Amino acid sequence: MVSVIIALGANLPSGRFGEPLATLNATCRLLPMRGIAIRACSRWYRSPPWPPSGQPWYVNGAVLAETLLSAEALLEALHALEAETGRRRQHPNQARPIDLDLIDHGGRVTMGAVWPRLPHPRLQDRAFVLQPMADLVPDWRDPRSGRRLAGLLADLPPGSLCQPI
């Protein structure tokens, strides 16, 4: 089993589960059916869209899980679940009923054109990823840089932290 961190977010209702928070809770119930054993769930947070736009605010969280799936197979499973929940990947940063990002897969580091990029290449810029991770794995270190999670959070711009729901 490999320990993984998955970030979850939504800012539109899904046709399958309704409002974003209901969709995210339902997604957490579906992950084990995909070979992803959840060990812990973060609190839920509200965060503005990034980059700033007129979109609705997001609900974000994260799960700490274990799986036998490779990083590639896990990301494919997450994308399939997104599609089943109504996500259509048409434009970057568009509003969505679900977003599932593989943040960490057993500390694996990939670079360049290797897919998936691990750890998630923009996690250090995203309070909506770092704050839920702090709920789950406060001692986590970025396997790429060796930096502690607390330091990554401290480096975020003032006023960028999310609000717990």
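Leaving aside neighbours within four places in sequence, which residues is Leu102 in contact with? The legends below take up this point and others in a predicted model.

**View 1. Surroundings of Leu102 in the predicted model.** With neighbours within four places in sequence set aside, Leu102 is in contact with Val4, Ile5, Ala71, Leu74, Leu75, Leu78, Pro116, Leu118 and His120. Leu102 is also listed, with Leu74 and Leu78, among the residues that have the most contacts inside the largest nonpolar core.

**View 2. The largest nonpolar core, with 22 residues.** Ile6, Leu8, Leu24, Ile36, Leu74, Leu78 and Leu102 are the members with the most contacts inside this core. At least two core residues come from each of β1 (2-10), α1 (20-30), β4 (58-67), α2 (71-84) and β5 (99-105). The largest share is that of α2, which supplies five residues.

**View 3. A second core, separate from the one above.** This core has 19 residues. Tyr45, Leu123, Phe128 and Leu152 are among them.

**View 4. Trp115 in the loop between β5 and α3 (127-136).** Trp115 has a relative accessibility of 44% and therefore counts as partly exposed, between the limits of 20% for buried and 50% for exposed. Apart from neighbours within four places in sequence, the contacts of Trp115 are Glu72, Leu75, Glu76 and His79. Leu75 is likewise a contact of Leu102. Met133 lies 18 residues from Trp115 along the chain, and the C-alpha atoms of the two are 22 Å apart.

**View 5. The chain as context for the close-ups, with four helices and six strands.** In sequence order the elements run β-α-β-β-β-α-β-α-α-β. The C-alpha trace spans about 40 × 40 × 30 Å along its principal axes. A compact globule of 165 residues would have a radius of gyration near 15 Å, and the chain agrees with this because its own value is 15 Å. Of the contacts with a separation of 6 or more, 65% are between residues 24 or more positions apart.

**View 6. Burial, surface and charged side chains of the chain.** Of the 165 residues, 45% count as buried. The accessible surface is about 8100 Å², and carbon and sulfur atoms account for 56% of this area. There are 18 positive and 14 negative side chains. The centres of these two sets are 2 Å apart.

Conventions: Residues are numbered from 1 along each chain as its sequence is written. This is a predicted model: local features need pLDDT of at least 70, side-chain atom pairs count only at pLDDT 80 or more; totals for chains, interfaces and linings use all residues. Side-chain values use heavy atoms; hydrogens and water are left out. The radius of gyration is taken over C-alpha atoms; the globule rule is 2.2 Å times the number of residues to the power 0.38. Buried means under 20% relative accessible area, exposed over 50%, partly exposed in between (1.4 Å probe, protein chains only). Contact means heavy atoms within 4.5 Å. Accessible areas come from the Shrake-Rupley method with a 1.4 Å probe; for residues, only the protein chains shown count as cover. Lys and Arg count as positive and Asp and Glu as negative; His and the chain ends are not counted. The place of a charge is taken as NZ of Lys, CZ of Arg, CG of Asp or CD of Glu. A nonpolar core is a set of buried Ala, Val, Leu, Ile, Met, Phe, Trp, Tyr and Cys residues joined through side-chain atoms within 4.5 Å.
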